[in-house]
Amino acid sequence: MLFRSSFFIANRVWNTYFDFADIVKNQIPSFDGSKTVGIHYRGTDKNTDLSQANPITHDEVFVIIEDFLKNNQDIKNIYCCSDEQQFVDKVASRFNTYTIIQYDQNRSQQGTYAFFREGEYVNKEMQDSMTIAALVDMISLSKCHTVLKTSSALSAFSKIINPQLNLYAISAMKQRWFPTGVVEGYQSNSQEVNKILNRTMYAHVF
C-alpha cells in the first residue's frame with residue numbers, strides 16, 4: 001500500500017542526507033528492543049484541540065496497553081514517552097512487573113498545558129534540552145518491537161527512522177499530515193478496547 005511505501009521512501013531520503021549529532025546518539029538508553037513496547041502519550045493540548053485529535057484518557061490508554069501485553073507475552077519492557085509527567089508516573093506504578101524505560105526530561109506537571117510550546121520563551125539551554133529529549137524519545141521508539149501512539153508527529157517519525165517498526169495509532173489524527181496522518185490504527189478482539197477505539201479513532205485520516 002502507498003502509506004507503507006512512503007515510510008521506506010522517507011527513510012531512504014533521511015539516510016542519504018541526514019544524521020543525528022553525537023550529543024543525541026550518546027544519550028539513547030540501551031535496551032532490548034525485541035522485548036520492548038513503546039508507548040507515546042501526547043496529552044495536554046492534544047486532548048482539547050478537536051480539529052486535530054480526539055481526547056483519550058490515561059485509563060483508556062492503560063486498557064489498550066493491557067490488551068497488547070496480554071497478546072504479546074514476550075514483551076518485558078515498556079519505553080514510556082509523554083509530555084505529561086503524571087502519565088509516566090502512572091505507567092511506572094500500574095505496570096510495575098515490567099521494566100519501565102524513560103528518558104529523564106522536563107514535562108508538564110499539571111497535565112494541562114503543552115510544555116513544549118513554551119520553548120520560544122525559555123533560555124537557549126532549556127531549548128536545547130527539550131530538542132535533545134524529543135530526538136532521544138523518537139529514536140528510542142524506533143528501536144522498539146511495537147509502538148502504540150496517540151496523535152503526535154514525534155512518534156510517527158520513529159517509523160521513518162525504522163520503516164519496519166510496528167507502529168499503531170490509538171487516537172486519531174484528523175489532518176492529512178505525513179507521517180502521523182497515515183499511521184495504521186491499532187486492532188483488537190476486545191470489545192472493551194474497540195469501544196474506546198471507536199471514539200478515539202473517529203475521523204482518523206488513514
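The buried residues of helix H4 (residues 85-94) pack against strand S1 (36-41), helix H3 (58-71), strand S2 (77-82) and strand S3 (99-101), where contact means heavy atoms within 4.5 Å. Helices (H or I, at least four residues) and strands (E, at least two) are DSSP runs, numbered from the N terminus. This is a predicted model: local features need pLDDT of at least 70, side-chain atom pairs count only at pLDDT 80 or more, and totals for chains, interfaces and linings use all residues. Residues are numbered from 1 along each chain as its sequence is written, and side-chain values use heavy atoms, leaving out hydrogens and water.

Which residues of H4 are buried? They are Gln85, Phe87, Val88 and Val91. Looking down the axis of H4, these buried residues fall within an arc of 165°, so they line one face of the helix; the arc is that of the directions from the helix axis to the C-beta atoms. Buried means under 20% relative accessible area, exposed over 50%, and partly exposed in between (1.4 Å probe, protein chains only).

Now for the cysteines. The structure holds zero disulfides, a disulfide being a pair of cysteine sulfur atoms within 2.5 Å. For Cys80, the closest cysteine sulfur is too far for a bond. Cys144 is in no disulfide either. Here are the values for both:

| Cysteine | Closest cysteine sulfur | Relative accessibility |
|---|---|---|
| Cys80 | Cys81, 7.5 Å | 0%, buried |
| Cys144 | Cys81, 9.5 Å | 5%, buried |

Finally, meet Tyr17, which lies in helix H1 (residues 2-17). With 64% relative accessibility, Tyr17 counts as exposed.
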